[in-house]
Amino acid sequence: MALLTCKNLSFAYENQLVIDNLSFEVKTGDYLCIVGENGTGKTTLMKGLLGLKKPMKGEIQTGEGLRADQIGYLPQQTVAQRDFPASVMEVVLSGCLNSKGFSPFYSRADKNKASDHMKLLGIWDKRKECYRELSGGYKQRVLLARALCATSKVLLLDEPTTGLDPVAIFDFYEIVERLNRKHGITVIMISHDIKEAIKQADHILHLTQEDFFFGTTKQYLDSNLGKDFLGGHEDVE
């Protein structure tokens, strides 16, 4: 059974139908990029996958024992998030809260998990620094470490490179690819940068106002939609 299976989904946003009769599945270890123009329901779909928005029609099934508290989520950054007055360690540790139940204290295992993820993402030496004083690239690493504290299975990322400089964008994509390829974490990423996305992802979900495409990256590059949207893909292979 797939990790996530979406069957005949329909979603509305502000009383307007934005997704209609969408079906696709995500298997363990997949790297799926969700692309498309503004207003095609990408973020609405992400909220549905997180259980934050109920579909008008259809269903979302989880498999392989996946629970809601095993999904790591990195949302689009808001001004409030960028200026959050906490240490790096505190922000990363907060990713453990979903699994804490009613316990108000972090366990030794929680702290070890946070430490491991900070070391993995190259931010261990910044653990005592104030989050809001970091560069944009390091802030995203901190938030990614936080999301990893909530999951060992699947990461949902909503346009995570928005506002980053080119070097930080390159570094971030490399980190996510390593998490997927080396550590086996399933990745579902919304991206506005489709040419970069298809260099990384092995599956593409392209939403349009009228229809959608779902398949492997190779199938997407060979499809009429992929060719039309990219204007030729010689520079992205």
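**Figure 1. Lining of the second largest pocket in the predicted model.** A total of 15 residues line the second largest pocket, and those nearest its centre are Gly-39, Gly-41, Lys-42, Thr-43 and Thr-44. The space in this pocket comes to about 240 Å³. By residue class, the lining of the second largest pocket comprises 7 polar, 5 charged and 3 nonpolar residues. Helix H1 is the element that gives the most to this lining, with 4 residues.

**Figure 2. Helix H1 and the residue that follows.** Helix H1 runs over residues 42–49. It is mostly covered, with 6 of its 8 residues buried. The buried residues are Lys-42, Thr-44, Leu-45, Met-46, Gly-48 and Leu-49. Lys-42 and Thr-44 are thus on the list of buried residues of H1, and both are also among the residues nearest the centre of the second largest pocket. An α-helix has 3.6 residues a turn, so residues three or four places apart point the same way. After H1 comes Gly-51, which has a positive phi, near 80 degrees.

**Figure 3. The largest pocket.** The largest pocket holds about 450 Å³ of space. Its lining is made up of 20 residues, and Tyr-73, Leu-74, Pro-75, Gly-95 and Arg-146 are the closest to the pocket centre. Two elements, strand E5 (71–74) and helix H5 (136–148), give two or more residues to the lining. Strand E5 gives the most, with 4 residues. In the lining of the largest pocket, 14 residues are nonpolar, 5 are polar and 1 is charged. For the second largest pocket, the corresponding division is 3 nonpolar, 7 polar and 5 charged.

**Figure 4. Glu-25 and its contacts.** Glu-25 is part of strand E2, which spans residues 16–26. Because its relative accessibility is 32%, Glu-25 counts as partly exposed. Leaving aside residues up to four places away in sequence, Glu-25 touches Ala-2, Leu-4, Thr-5 and Phe-214.

**Figure 5. Separation of Glu-25 and Phe-84.** Glu-25 and Phe-84 lie 59 residues apart along the chain. The distance between their C-alpha atoms is 35 Å. Phe-84 is not one of the residues listed as touching Glu-25, whereas Phe-214 is.

Key: Residues are numbered from 1 along each chain as its sequence is written. This is a predicted model: local features need pLDDT of at least 70, side-chain atom pairs count only at pLDDT 80 or more; totals for chains, interfaces and linings use all residues. Side-chain values use heavy atoms; hydrogens and water are left out. Buried means under 20% relative accessible area, exposed over 50%, partly exposed in between (1.4 Å probe, protein chains only). Contact means heavy atoms within 4.5 Å. On a 1 Å grid over the protein atoms alone, a cavity is a set of points where a 1.4 Å probe fits but cannot get out, and a pocket is an open set with protein on both sides within 12 Å along at least five of seven lines; lining residues have an atom within 4 Å of a point. Grid points are joined across faces, edges and corners, and a volume is the space filled by probe spheres set on the points. Ala, Val, Leu, Ile, Met, Phe, Trp, Tyr, Cys and Pro count as nonpolar, Asp, Glu, Lys and Arg as charged, and the others, Gly among them, as polar.
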